[in-house]
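Student: Could you walk me through this model? I'd like to start with a single residue and work outward.
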Amino acid sequence: MISSRTLLHTLIAVFLSLGVGILLGGTGGHSWLEQREGVLLDNLEQRMDQLSQEQDRLRKDLQGREENLERLRGQNRILLREAVKGRLKDRLVLVFGGSDREARRLGEAIQAAGGAIARPSAFPSLPDRFDAIVLLPDSAENPQMIRDVRMSYSGPVLIQRRGEETSRPVFGMDEDRSFSLPGPYTGESLQTFEWIQLIQDATNRGKEASS
């Protein structure tokens, strides 16, 4: 038979072995977790560095594109000034209706072409001193306003139409004095050139008709 002393010693040895195993296992597990956390942190830091570098690259690329776009816009403005230079020399254009912002932009284009503009708050009683009249919305959408202008004014009338895609003269009425303008006016170079060209054609036709 196994004596009580032997059994007690065996139990003590078993518990000691379990304690040592738990202690060693706990210490090794903690070290493994620390290693895994370190690897994850390193990966996250590398990913953040990559994202930061990519963001810097995109920011520089966008800045370069914006600078190039602004350079092209500057070139377009220079080319536009040369293209419209003198086309409306000594022309006085009445710009009526529409927003002040749109009228100001159109006025700047007319002045760049050598012309002058007038923008009264009310339609003048003696409009024939103007070489052309441009009607912007909402005046251009008022049939009574258009009839009154045509009855009191003998020169060319340029009417801004909403949704119009092309500039074209309106033939068959009012001795071909009415012209359709595409709207709204944005100040874009190609559109500006088309508008100045149309105003020039209209005023030339008006001078031909009066001579």
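Tutor: Let us begin with Pro137, which counts as buried in this predicted model, because its relative accessibility is 9%, below the 20% cut-off for that class.

Student: OK, and where is Pro137 placed along the chain?
Tutor: Pro137 sits in the loop that runs between strand 3 and helix 3.

Student: How far apart are Pro137 and Gly183 in space, C-alpha to C-alpha?
Tutor: The two C-alpha atoms are 9.0 Å apart, although Pro137 and Gly183 are separated by 46 residues in sequence.

Student: What about Asp138, buried or exposed?
Tutor: Asp138 is exposed, because its relative accessible area is 53% and the exposed class begins over 50%. Asp138 also belongs to the loop between strand 3 (132-135) and helix 3 (143-152), and its C-alpha lies 9.2 Å from that of Gln160, a residue 22 places away in sequence.

Student: Now Pro182, which element is that in?
Tutor: Pro182 is part of strand 6, which covers residues 178-183. With a relative accessible area of 8%, Pro182 is buried, and from C-alpha to C-alpha there are 5.8 Å between Pro182 and Arg161, which are 21 residues apart in sequence.

Student: Let me jump to the loop between helix 1 and strand 1. Is Arg91 there buried or exposed?
Tutor: Arg91, which is placed in the loop between helix 1 and strand 1 (92-96), is buried, with a relative accessible area of 13%. In space, Arg91 is 6.2 Å from Ala116, C-alpha to C-alpha, while 25 residues separate them in sequence.

Student: And Asp90, what is its phi?
Tutor: Phi of Asp90 is near 65°, which is a positive value in a residue other than glycine. Asp90 is found in the loop between helix 1 and strand 1, and with a relative accessible area of 64% Asp90 is exposed, whereas Arg91 is buried.

Student: Zooming out, how many helices and strands are there in the chain?
Tutor: The chain has four helices and six strands, and read from the N terminus these elements follow the order α-β-α-β-β-α-β-β-β-α.

Student: What share of the residues is buried, and how much surface is exposed?
Tutor: Of the 211 residues in the chain, 27% are buried. The exposed surface of the chain comes to about 14,400 Å², and carbon and sulfur atoms supply 56% of that area.

Student: What about contacts across the sequence, how many join residues at least 24 apart?
Tutor: If one takes the contacts between residues at least 6 apart in sequence, 59% of them join residues at least 24 apart.

Student: Switching to pockets, how much space lies in the largest one?
Tutor: The largest pocket holds about 410 Å³ of space. Its lining draws two or more residues from each of helix 1 (4-84), helix 2 (100-112) and helix 4 (189-210), and helix 1 gives the largest share, with six residues.

Student: Which residues lie nearest its centre, and what kinds line it?
Tutor: Among the 17 lining residues of the largest pocket, Arg77, Leu80, Gly187, Ser189 and Thr192 lie nearest the centre. By type, the lining divides into six nonpolar, five polar and six charged residues.

Student: Last topic, confidence. What is the mean pLDDT of the chain?
Tutor: The mean pLDDT is 78, and 73% of the residues in the chain reach 70 or more.

Student: Which elements have the lowest and the highest mean pLDDT?
Tutor: Strand 5 (residues 168-170) has the lowest mean pLDDT among the elements, at 42, and strand 2 (residues 116-118) has the highest, at 95. Over residues 164-174 pLDDT stays under 50, and for that stretch the model has 22 contacts beyond four places in sequence. Where pLDDT is low, predicted coordinates should not be read in detail.

Technical notes. Residues are numbered from 1 along each chain as its sequence is written. This is a predicted model: local features need pLDDT of at least 70, side-chain atom pairs count only at pLDDT 80 or more; totals for chains, interfaces and linings use all residues. Side-chain values use heavy atoms; hydrogens and water are left out. Buried means under 20% relative accessible area, exposed over 50%, partly exposed in between (1.4 Å probe, protein chains only). Contact means heavy atoms within 4.5 Å. Accessible areas come from the Shrake-Rupley method with a 1.4 Å probe; for residues, only the protein chains shown count as cover. On a 1 Å grid over the protein atoms alone, a cavity is a set of points where a 1.4 Å probe fits but cannot get out, and a pocket is an open set with protein on both sides within 12 Å along at least five of seven lines; lining residues have an atom within 4 Å of a point. Grid points are joined across faces, edges and corners, and a volume is the space filled by probe spheres set on the points. Ala, Val, Leu, Ile, Met, Phe, Trp, Tyr, Cys and Pro count as nonpolar, Asp, Glu, Lys and Arg as charged, and the others, Gly among them, as polar. pLDDT is the predictor's confidence in each residue, from 0 to 100.
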